[in-house]
Amino acid sequence: MALVFLLTLAGCAVDSFVGMGLGMITMVALAAGTVAAALLVRRRDLLTVVVAPPLVFVLVAVLNISLAPSATLNLPTMATLLVRGFPTMAVATAAAIVLSLVRLVSRR
């Protein structure tokens, strides 16, 4: 899961530097990290990969808010990030589910 977290954190850093907030680069990094993790972990650990994307996104969002000089970590800010980040979490979770099912069915 460290791979997913570090890739997403790197994407978040690039997104924050280039634009404002968590955007497309963060989404691609989270999805890519999740896909890589789903392909690399042992079959018995696939459930961890499926539930990790929302947890990783929330952790990265909290770090992003905490390190941003102009943002404050409060409930409205977190709610906004979670609502805006829902597609990101959904795409990464869907990718993890599909790859996990393929790996379980193919016994690979």
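User: Leaving aside neighbours within four places in sequence, which residues is Leu22 in contact with?

Analyst: Keep in mind that this is a predicted model. Leu22 is one of the residues with the most contacts inside the largest nonpolar core, and it is also listed among those closest to the centre of the largest pocket. Once neighbours up to four places along are set aside, its partners are Cys12, Asp15, Phe57, Ala61, Asn64 and Leu81.

User: OK, and that largest nonpolar core, which helix gives the most to it?

Analyst: The core has 21 residues, with Val4, Leu30, Val49 and Val56 among those with the most contacts inside it. At least two residues come from each of α1 (2–18), α2 (24–40), α3 (46–67) and α4 (75–106). The top contributor, with 9 residues, is α3.

User: Is Thr34 buried or exposed?

Analyst: Thr34 sits in helix α2. Outside its own stretch of sequence, it touches Val4, Val49, Pro53, Ala92 and Ala96. Its relative accessibility is 1%, and the cut-off for buried is under 20%, so Thr34 counts as buried.

User: Thr26 next. Which side chain does its own side chain join in a polar contact of 2.8 Å?

Analyst: Thr26 is another residue of helix α2, and with 1% relative accessibility it counts as buried. Skipping residues within four places, it is in contact with Thr8, Gly11, Cys12, Asp15, Phe57 and Thr88. From that list, the side chain at the other end of the 2.8 Å polar contact belongs to Asp15.

User: How much space lies in the largest pocket?

Analyst: Rolling a water-sized probe over the atoms shows where empty space is left. In the largest pocket, that space comes to about 480 Å³.

User: Which residues lining that pocket are the closest to its centre?

Analyst: The lining has 23 residues. Leu81, which is among the best-connected residues of the largest nonpolar core, makes the list of those closest to the centre. The full list is Met20, Gly21, Leu22, Asn64 and Leu81.

User: And which helix gives the most to the pocket lining?

Analyst: α2, α3 and α4 each put at least two residues into the lining. With 7 residues, the one that gives the most is α4.

User: How many residues of the lining are charged?

Analyst: The lining of the largest pocket holds 11 nonpolar residues and 11 polar ones. For the charged class, the count is 1.

Note on methods. Residues numbered from 1 in each chain as written. Predicted model: local features only at pLDDT ≥ 70, side-chain atom pairs only at ≥ 80, totals over all residues. Heavy atoms only, no water. Core = buried A, V, L, I, M, F, W, Y, C linked by side-chain atoms within 4.5 Å. Buried < 20%, exposed > 50% of the residue type's maximum accessible area, 1.4 Å probe, protein only. Helix = DSSP H or I, 4+ residues; strand = E, 2+ residues; numbered from the N terminus. Contact = heavy atoms within 4.5 Å. Polar contact = N/O pair within 3.5 Å; in protein donor to acceptor, adjacent residues only side chain to side chain. 1 Å grid on protein atoms, 1.4 Å probe; cavity = no way out; pocket = protein on both sides within 12 Å on 5 of 7 lines; lining within 4 Å. Points joined across faces, edges and corners; volume = space filled by probe spheres on them. Nonpolar A, V, L, I, M, F, W, Y, C, P; charged D, E, K, R; others polar.
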